[in-house]
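Biologist: I have a protein model open on my screen, and I would like to know what stands behind the labels people attach to it. Could you take me through a few?

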Amino acid sequence: MAGNFHAQSAKNTVPEIFRVKNPDYKRSPYTGMTREHWKEAAKYMLQGAFSYVHTLDDPMVFPKQPGKSYPRDPKQIPTEKLEGLSRTLFIASALLRENPDLEINGIKLSDYYRHQILNLIDPASPSYIPVKDPKSGPSQILVEFGALSISLFVAPDVLWKPLTQKQKDQLAATMLSYGEGPTIASNWRFFNIFILSFFRENGYKVNEALMKEYLTKSLEQYRADGWYNDSPAYDYYSMWAFQLYGILWSDFYGKKHEPEIAAQLIRNFKEMGENYPYAFSEDGKMNMWGRSISYRFASISPLPFLGILKDTETNCGWMRRISSGTLLQFLENPDFMEDHVPALGFYGHFEPAVQIYSCRGSVYWMGKAFLALLIPEDNPFWTATENTGPWKTEFKKDRVYNRFQKISNLMITDYPAIGAAEMRSWCHEKAADDWQQFRSSENYNRLAYNTAFPWQADGKNGEVAMNYILKNQKNEWEPFRLYTFKKYENGIYYRDVVLETDADITMQLADITLPDGILRIDKNNSKKTVDMRLGHYALPELKQKIKISTRKTGKFTATIIDNGIYQLAMIPLSGWEKVEAVAAEDLHPVSKKAWYWMLRPVIVPEKKTSIQR
């Protein structure tokens, strides 16, 4: 079956954890990483992938992890192979641009990827991708051909020019059949754009009117402060898709052929640099937030390219500190690699965060981060001294800093006391309408997301962290997910929320961020009594058992849990019956066991006030 046919890896040849060898703490006092270390990290990623490649014919197919990921039937295997090919090529193309003779595990990369590309147009190959049926709609093949087009732009001397004219024509016919076909009204339009742009740049006649239409519609998805709306969500796709694609396309093609569109994309890119970096923690960690979280450090992929905007005041040392910090957040984590391939999850395999459109090779979308190697070694992104930007020079430990993002209504909060960043964002998706079950899920429906406290999945027995969960008419626990942003005023973030399955259950929410926590003032406007719980962030149990304690101040009692790294407290002020510290298993991305709180109300309706610290 699809999940069982995999080449055997070279079990003893690939280290499971990346190590920074000979760190340069003069240029990079926080991570020790320079451009050469980035190249070593890229090679490390490829070593794991190529442990499954022994001949030029071996596809990039890896062991399937149990759960909802594909392939789920044999028809999906060619697409699985194409994903492994196109996504590992993000990493390889950047390396091949500098070193066309590069070998990994005894395989010459240039020979391997050219051979695999030609297999796509060979009807006798198991990896063959037929020309698109004109009656069919958009598919994952469009995505991967868009990715392949980016790598063809990156390393044409290695991947494109050595092909014969017949091979080029065949490849163009196949890829253009998808690029000139229908797409999805989201970041997917850029896949068509890159296919059309590459072949137009190389002398082929393409549907330029369609390309212009897709570019115009992509620009229309821009809102403000660096954020694109990805129909309908705001998440990392604004960054590892719209913003990265925009700056790459402008450099590869746009400045020459569509200068006005390129100029607008670059203006949007500059606004990203003024806001997005604040979404990372002081030590460069990214937040667990939004779908496709298995792409991990693809989140930093646009930041290095701020270094090529020479007319800006970009703090390149901060951008590299964030970028290298996020790389090491995962590369140095012992759970990151499983079978020498990144697991589907955040650190290790975490099934609640996996989407049905992912296969094991999908994770190499994170390889976009290594497109930073296209930036010359004398660029400020590589030469500036690492620093932590505003965390040391502007932020004060006894204050909290909110950056409200107009139009998108996102709010980024920075907590200098613990060096953490927090995100509040869009969520208004019914589970009944969400056939892929990710936009209505924990990926989006938390009250907030914090770099220090990765989200815990909901449990069937009412386990919940950083959200309300309520007993619905079917006697099932149901989280809030239908939020409506109201306003941001005087430092307070206001939302209304209604229970999906019962419009009589509704609340008004007010978040007030404090230097060491969150003051919640939530009013229950429900027309009926309901069993309700409010969960705080969860803490994973690590080397020591969670310690639970209480502390009284006047008439208020704080319930505290401590995992040896962080302490978190819940303080009910009014409207709540009691606080319960509860252990949950197999719901947290960091450890098997985690602890969180549940608050239970006294009666409803009534205003609920609590402090989460």
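**Reading the labels**

Modeller: Gladly! By the ring-pair rule, the count comes to 60 aromatic pairs: rings of Phe, Tyr and Trp (its six-membered ring) pair if their centres lie within 6.5 Å. Bear in mind that this is a predicted model, where local features need pLDDT of at least 70 and side-chain atom pairs count only at pLDDT 80 or more, while totals for chains, interfaces and linings use all residues. Residues are numbered from 1 along each chain as its sequence is written, and side-chain values use heavy atoms, with hydrogens and water left out.

Biologist: Why is the pair of F50 and Y112 called edge-to-face?

Modeller: Planes under 30 degrees apart count as stacked, over 60 as edge-to-face and the rest as tilted. The ring centres of F50 and Y112 are 5.1 Å apart and the planes stand at 70°, so the pair is edge-to-face. F50 sits in helix α1 and Y112 in helix α3 (residues 109–119), 62 residues apart, so this pair links distant parts of the chain. Helices here are DSSP runs (H or I, at least four residues), as are strands (E, at least two), numbered from the N terminus. Both F50 and Y112 are buried.

Biologist: What makes F145 and Y178 an edge-to-face pair?

Modeller: The centres of F145 and Y178 are 5.4 Å apart, with 70° between the planes. F145 belongs to helix α4 (residues 140–154) and Y178 to helix α6 (residues 165–179), so the pair ties together parts 33 residues apart in sequence.

Biologist: How do you know whether F145 is buried or exposed?

Modeller: Buried means under 20% relative accessible area, exposed over 50%, and partly exposed in between (1.4 Å probe, protein chains only). F145 has 0% relative accessibility, so F145 counts as buried. Y178, at 7%, is buried too.

Biologist: Now the helices. Why is α1 called oblique to α2?

Modeller: Helix α1 (residues 35–50) and helix α2 (residues 77–98) pack at an angle of about 130°, their axes 10 Å apart. That makes α1 oblique to α2, because angles under 35 degrees count as roughly parallel, over 145 as roughly antiparallel, 65 to 115 as roughly perpendicular and the rest as oblique. The axes are lines fitted to C-alpha atoms, for helices over the stretch in contact, with angles running from 0 to 180 degrees between N-to-C directions.

Biologist: Which residues meet there?

Modeller: Among them are M45, L46 and A49 in α1, and I91, A92 and L95 in α2. Contact means heavy atoms within 4.5 Å.

Biologist: What is unusual about D225?

Modeller: Most residues other than glycine have a negative phi, and most peptide bonds are trans. D225 has a positive phi of about 60° although it is not a glycine. D225 lies in the loop between β3 (222–224) and β4, and its relative accessible area of 13% makes D225 buried.

Biologist: And what makes N475 exposed?

Modeller: N475 has a relative accessible area of 57%, so N475 is exposed. Its phi is also positive, about 65°, although N475 is not a glycine. N475 is in the loop between β11 (467–471) and β12 (477–479).

Biologist: Where are cis peptide bonds found?

Modeller: One joins Y70 and P71, with omega about 10°; P71 is in the loop between α1 and α2. Another joins S231 and P232, with omega about 10°.
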